[in-house]
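Trainee: I've got a new structure open and I'd like to learn how to read it. Can we go through it together, one question at a time?

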Amino acid sequence: MRPPAQTTLFRVARLPRTQQRGRRGLTLIELLVASLILAVSLMALVATWFNMLTATIDTDDRGAAYECARIVLERAHINGFTVSNYNVNIPPTLSQPGDAALSVWSSPNIARYRYFSADLSRELLASNADTVPAAPADARYLAETQVSSSPNAPHSHLSLMTVKVIVSLVRGDGSIGSELYQMQTCLALGGV
Amino acid sequence: MFALAAVIIVMTVILGMWSLMVSHVDIEEASRNYSRAMQIAEAGANWQLSQMSRCLPPGNPGGLPGYVPYQQFRAANTARIQGDPQPLDWRDYSRSSDFQMPGLVKAYTIQAGGVDAWAPPQNFIIVSIGVDPETGEQRLVRFTGAATGLTDRYVLFANNNLIFNSSASDPNKNIALRSGYIGTNRSLTFTHQIPKTSGAGFKFSGCRLGLSADTQPQGSGGWPNGWDVLRQTDTVFWPTVSEVTQYIYQGRTPNEVGTMAHGNEPNQMWYRTEDDKGNVRWEHFTNPVLQLGNAEFNKSTNDNPKSTCVNPKTGKPYRVLCLSVSKTNLVGNLFYFRKIDMGDDDILVLDVGPPPDSTVSNGPDGVVTLRILLDGAFGTTHKVTNLAYCTYGVGKNLGRFTGPSIIWYVNSVPGNNGAIAFKPNVDVTNQVIATFDTGGYLFTANPTSATVQGLVYGGDVTVQSNAKGITINQIIADNITLDATQGGISVVQPNSTLRPIETRDDPYRYVLYYRVNDSYVEGKPGSYESPNIPAPQLMPPINYGKAIP
């Protein structure tokens, strides 16, 4: 049986001993060190990626929390300025769904607690309960609104309303996480 | 080497990504800080706006609950102009002691022209600088604004009942809403026809209902077709006539206004006489007159058997009185009456132009607001039949012709309202009933088709038309009844630019509140702050308004 024809590769594999002896291979130590460096850098890469992901999510959450606070604040803004009995602890209910004399345009523009979805496209729950209601499924943000008005204005329509909106994160298990953003302002009839 | 190169490459990529992410976070953070500073600046502007709305006109010593005298506002405003940003003062504004706005604010007001102190009810500029509490980032907002008066929002508004009565079948005997908004806090009622709101010359804006208001009858098609109807989120507020006088006249109630010095200047109250040769004279009363009834109209005599100043409907001569304005009147040309009771042949001429001055080549220009305060026993119905105005003018006297600057205040208390009924008897179109020729300037007054010019404010107001129809401008009252069963009633809002009922700088104007308008800029402090205004000129001594003796 004839030996196979010598290809280039085969020739390289069969270099003269003198040439093979002149080229030093990688030692096990070197391989281990290189692997270690590579592993550490990959770990750093993963950690960095993870941190970046966390920071991005956190930034997105804070950005969304700001938008969420603006949404709630704007709704308070269009509410009007003469509803009496505003109190930090007992926000008013403007709508009475069972009252036919009130039109459908009367909506509860100020509710103490509101849950929003992650993309803010849906308001999942609005409540004027004394305590924080349980978070509905898919809730990502909780906005708490506190309202107060001046007791000394000449007329209720000239009251200066103070509004505070606190937006918190809702965890996956429905528990309330850290406070993301807090926005306070005062509103006046005819103002911005 | 390969591993080292790979590590370097990987680390470079990581560094780049990290840098990118940090930049992204920084941008987001800066954006939020910017927004927070803007938010604080806007809050400060609203706070300042609220301060302004609670500021009394110059000269009013205060004492009205919730209001602050102008001097007090001015001193605080000046201090803010000269001071640094500081926390907003919430002590008077919040029931909650722990409600504190984070950040600092510097908010102040200057006159719209930017060259003088601001005082009610002038147009204004508010400048507000907000300082972010975390980073110290500062942003400025600056916008212009103006007062909202009694005439700026509605042509018809009833606190309680707004009633439209029309003929059951005649389309000409109906209400025509030709411009502006109407509204009510309680009930809007139609009998027979729905008021007309469309067609040539119609620019009806719509109907606005208070939170608890409704329309009657209900259930038959809901709102009128084509109407823009919105319900407000709350009851629309209107001050009582007593509150208005206390605001304008330095804390005086209607009765106190009526008895104060210089009220009802007799030289601004005229009666017409015509002798047997047809010579017409206008003479003014010599003593203040506090009611307009038979005795007062009897001063207007007509001995000319061929007189044309005769009511063709009754064949009797008209009895004509005239109230005129003066630019030097100390109480804003306010006439106070305890009772008005006019007969079918009586005409009350309301002249809103000051008397011509023969020493001036073209006479005085402009229009002065004429105010009529109806007081007396609550529940009294003041009866007004025929009103006349200048309907012809030349040159600067055109102001007399185009100016509907008249306000009727009808004092009332809840449950026992004062009332006024407008029921014209003259039904001749364009009959000249009074000609004034003073100082070489000719102007004429006639009833045309009867018109209630200007604003009727307060009490219960009834307007009953005659066969020729009637036009009204604006009515804001507790109860309004428009009766068009005898002839059409047109509701036409005066052109607010060309023919304002109250000018924006009228010191006797009642301000409901101040509002911002569209002129709004934002930026960094210094960029739009008090442009071209030397600091000492920002708050000069008060030179606005008149002291009432």
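Trainee: Among contacts in chain B between residues at least 6 apart in sequence, what percentage join residues at least 24 apart?
Mentor: Start with the word itself: two residues are in contact if their C-beta atoms, placed from the backbone, lie within 7 Å. Now leave out pairs in chain B that are under 6 apart in sequence, and look at what share of the rest joins residues at least 24 apart: 70%.

Trainee: Before we go on, what kind of model is this?
Mentor: Residues are numbered from 1 along each chain as its sequence is written, while chains are lettered from A and ligands numbered from 1 in the order in which they are written. Local features need pLDDT of at least 70, side-chain atom pairs count only at pLDDT 80 or more, and totals for chains, interfaces and linings use all residues, as this is a predicted model.

Trainee: What pLDDT does chain A average?
Mentor: pLDDT is the predictor's confidence in each residue, from 0 to 100. In chain A, 70% of the residues score at least 70. The average for the chain is 73.

Trainee: Which element of chain A has the lowest mean pLDDT?
Mentor: By elements we mean helices (DSSP H or I runs of at least four residues) and strands (E runs of at least two), numbered from the N terminus. Strand β1 (residues 113-117) of chain A has the highest mean, 93. At the other end, with a mean of 46, is helix α1 (residues 8-13) of chain A.

Trainee: How many contacts beyond near neighbours in sequence does the stretch of residues 81-108 of chain A have?
Mentor: Be careful here: where pLDDT is low, the predicted coordinates should not be read in detail. Residues 6-13 of chain A have a pLDDT below 50 and one contact beyond near neighbours in sequence. Residues 81-108 of chain A also have a pLDDT below 50, and their count in the model is 55.

Trainee: In what order do the elements of chain A run?
Mentor: Chain A has three helices and five strands. Read from the N terminus on, they go α-α-α-β-β-β-β-β.

Trainee: Is Thr185(A) buried or exposed?
Mentor: Thr185(A) sits in strand β5 (residues 176-187) of chain A. Leaving aside neighbours within four places in sequence, its contacts include Leu73(A) and, over in the other chain, Gln39(B). A residue is buried if 20 or more other C-beta atoms lie within 10 Å of its own, exposed if 12 or fewer, and partly exposed in between, with C-beta atoms placed from the backbone. Thr185(A) has 23 such neighbours, so it counts as buried.

Trainee: How many buried residues of α3 (residues 241-248) of chain B are there?
Mentor: Picture helix α3(B) as mostly covered. Its buried residues pack against α4 (254-259), β21 (406-410) and β25 (451-457) of chain B. Out of eight residues in the helix, the number buried is seven.

Trainee: Where does the largest nonpolar core lie?
Mentor: A nonpolar core is a set of buried Ala, Val, Leu, Ile, Met, Phe, Trp, Tyr and Cys residues joined through C-beta atoms within 7 Å. The largest has 159 residues, and Tyr409(B) is one of those with the most contacts inside it. Its largest share, eight residues, comes from helix α1 (residues 2-53) of chain B. Both domains, with bounds from an automatic or database assignment, give residues to it, so the core lies between domain 1 (2-149 + 515-537) and domain 2 (248-487) of chain B.

Trainee: Around the axis of α2(B), what arc do the buried residues cover?
Mentor: Helix α2 (residues 70-82) of chain B has 13 residues, and the buried ones are Tyr70(B), Phe73(B), Arg74(B), Asn77(B) and Arg80(B). On the other side, Ala75(B), Ala79(B) and Gln82(B) are exposed. The arc is that of the directions from the helix axis to the C-beta atoms. The buried residues are on the same side of α2(B) because their arc is only 130 degrees.

Trainee: Which peptide bond is cis?
Mentor: Look in the loop between β1 (104-111) and β2 (124-131) of chain B, where Pro121(B) has its place. With omega near 0 degrees, the cis bond is the one from Pro120(B) to Pro121(B).

Notes
Expected span 1.5 Å × (residues − 1).
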